[in-house]
Amino acid sequence: MTDNPFRAGLETERTPQPCVFVIFGASGDLTRRKLIPALYNLAVSRLLPPGMTILGFALTESSEDQFRANMREAVAQFSRRKPIDEAVWADFASRLHYVSGKFEVPESYQRLLAKLEKLDKTNGTRGNRIYYLAIPPSAFRAVNDNLSAGGLVSNDADRYTRIIIEKPFGRDLASANALNADLHRVFTESQIFRIDHYLGKETVQNLVALRFGNTIFEPLWNRNHIDHVQVTVAEDIGVEGRGKFYEEAGASRDIVQNHLLQLLMVTAMEPPVAFTADEVRDEKVKVLRALKPILGDDVARLTVRGQYAPGHFAGKPAPAYREEPNVSPTSNVETFVAMRLEIDNWRFAGVPIYIRAGKRLAKRTTEISVHFKHVPHALLKHDRLAATPGETSDGSRVEPDVLAIRIQPDEGIGLRFVAKVPGPTMTLRPVTMDFRYGSTFGGSGPEAYERLILDALLGDPTLFARADEVSAAWRFMTPILEAWEKSPPAGYPNYAAGTWGPAAASDLIERDGRAWRRL
């Protein structure tokens, strides 16, 4: 069967083999908010194989009964399936086990191995393992080395071992390459699943279907018809208690290097020769390799940094970034990034791509918008545009068409084009054809972690980052980060919380005669 990166929902013709799913960092926030609720939702959908076992590993001392009680609270609070199905929960809770230990202590892995061997015998998991590192990057190497030294890694024909790694995967090109080298000492590339939950979102997958499953869009997807592209990843919240992490990462490492570049790759990739993991990821890597480097003086000209000041959101005061817990009062870390990019290939040569991402912006939204060129001849220049809030025109030409792919929170796709207003005159107004997931398919679809965990259980790496993809992303970003470090920003903070970022971000796009799309 061919791996298909946009299978409808979670439907699959394959059944995962039973395994022990080991979560390192089982007492952490990611486990509570995302991993256990996602696994429970898969159980509700009857997509977990019989015998599938979940083993938590963390420093916190806890009995298995207490771990199960904590995870029930997590499911009750964060699962999209409400209320809890008691019959499903009873079976799911019986799958939950726990071992306490320290990531850097070899003896902890001997206890882990003994527990795994016991579970193999009682649950029939056949020695199959998936290790999920829901832990800080600083602990990756200790876990990797101890798994190897403790005899917990196998790639025999009759059993498998896989490892899932959360971002950030490195902080620059050198550290990412070093981390890859560390992992490859223990695991083969086919065993490594580098997760970016954006690729599990239904709308991101539907962008592939939109382009390659319809004959009306792909012929227009090139420099001859597209004027420019905008990609926005906006969050209305601040750092939400992650001040220590953000002081090390900033918006560039937290959002741009991974999430935003992933969206760009899916938007700009060429049609793969087949929808299999390697072919899809080959085309994504080509996009990164074709990105025109931003070097030297171009860093100041083509990139914008920002940091939020005090402001208001939803009628309530919002603190400045420098006032957040565990943040330096003189911090120069960016909470907003905007860039003007170009893809130096045949399809997109000369098409500017404007990206922006940030915290404490005016609303939470992630959107890709493809802005098509103006009509080549203003046939209707003597007629007029109807007054429409937010729309402007010089009266000589109509507004260009826009295809908007909304990733979150209101998932869907909208196509804006111009239509005639009923009446005796040729009065034109932009209108939108709108597709919304919720109203079309009903209810909430599977969340990203559900899809990605299932793919890892199936051994399908299509929606996970490959080593060369990670390196290519860092190869583009590292010169920009190094230039920023050599030239600290002036005037921080430079945008109020609850706005759309610094004025320089508007200048970046307006000097090309364009404007950010109203969201």
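Buried, in what follows, means under 20% relative accessible area, exposed means over 50%, and partly exposed is anything in between, with a 1.4 Å probe and protein chains only. The model is a predicted one, so local features need pLDDT of at least 70 and side-chain atom pairs count only at pLDDT 80 or more, while totals for chains, interfaces and linings use all residues. Residues are numbered from 1 along each chain as its sequence is written, and side-chain values use heavy atoms, with hydrogens and water left out.

A good place to start is the open sheet, whose six strands come in the order 3-2-1-4-5-6 and pair in parallel. Strands (E, at least two residues) and helices (H or I, at least four) are DSSP runs numbered from the N terminus, and two strands pair if DSSP finds at least two bridges between them. At the edges sit strand 3 (96–100) and strand 6 (192–194), each pairing on one side only. From one strand to the next, the twist averages 20°. Strand 6 is joined to strand 5 (residues 161–165) by three bridges in the parallel sense, and within this pairing Ile164 has Phe193 of strand 6 as its bridge partner.

Two helices that pack on this sheet are helix 1 (residues 29–44) and helix 4 (residues 106–123). Helix 1 touches strand 1 (20–24), strand 2 (53–58), strand 3 and strand 4 (129–133), and its direction makes about 170° with that of strand 1. Helix 4 touches strands 1, 2, 3 and 4 too, and its direction makes about 170° with that of strand 2. Such angles run from 0 to 180 degrees between N-to-C directions, with axes taken as lines fitted to C-alpha atoms, for helices over the stretch in contact.

What about the inside? The largest nonpolar core has 145 residues, and Phe21, Phe24, Leu39 and Phe92 touch the most other members. A core here is a set of buried Ala, Val, Leu, Ile, Met, Phe, Trp, Tyr and Cys residues joined through side-chain atoms within 4.5 Å. Helix 8 (residues 243–268) supplies the largest share of this core, eleven residues. As for Phe92, leaving aside neighbours within four places in sequence, its contacts (heavy atoms within 4.5 Å) are Ile36, Leu39, Tyr40, Ala43, Leu48 and Ile54.

Helix 8 also packs against helix 9 (residues 277–290), at an angle of about 110° and with axes 9 Å apart. The two are therefore roughly perpendicular, a label that covers 65 to 115 degrees, with under 35 roughly parallel, over 145 roughly antiparallel and the rest oblique. Leu261, Gln262, Leu264, Met265 and Ala268 of helix 8 meet Lys284, Val287 and Leu288 of helix 9.

Further along the chain, strand 12 (residues 336–342) is mostly covered, with six of its seven residues buried. Strand 12 pairs antiparallel with strand 8 (residues 303–306) over four bridges, where Thr303 is partnered by Met339. Seven bridges link strand 12 to strand 13 (residues 352–358), also antiparallel, and there Val337 stands opposite Ala357.

A few backbone oddities round things off. Cis peptide bonds join Lys82 to Pro83, with omega about -5°, and Lys167 to Pro168, with omega about 0°. Arg46, not a glycine, has a positive phi of about 60°, and at 77% relative accessibility Arg46 counts as exposed. Ala314 also has a positive phi, near 55°, in the loop between strand 10 (311–313) and strand 11 (316–318); Ala314 counts as exposed because its relative accessibility is 68%.
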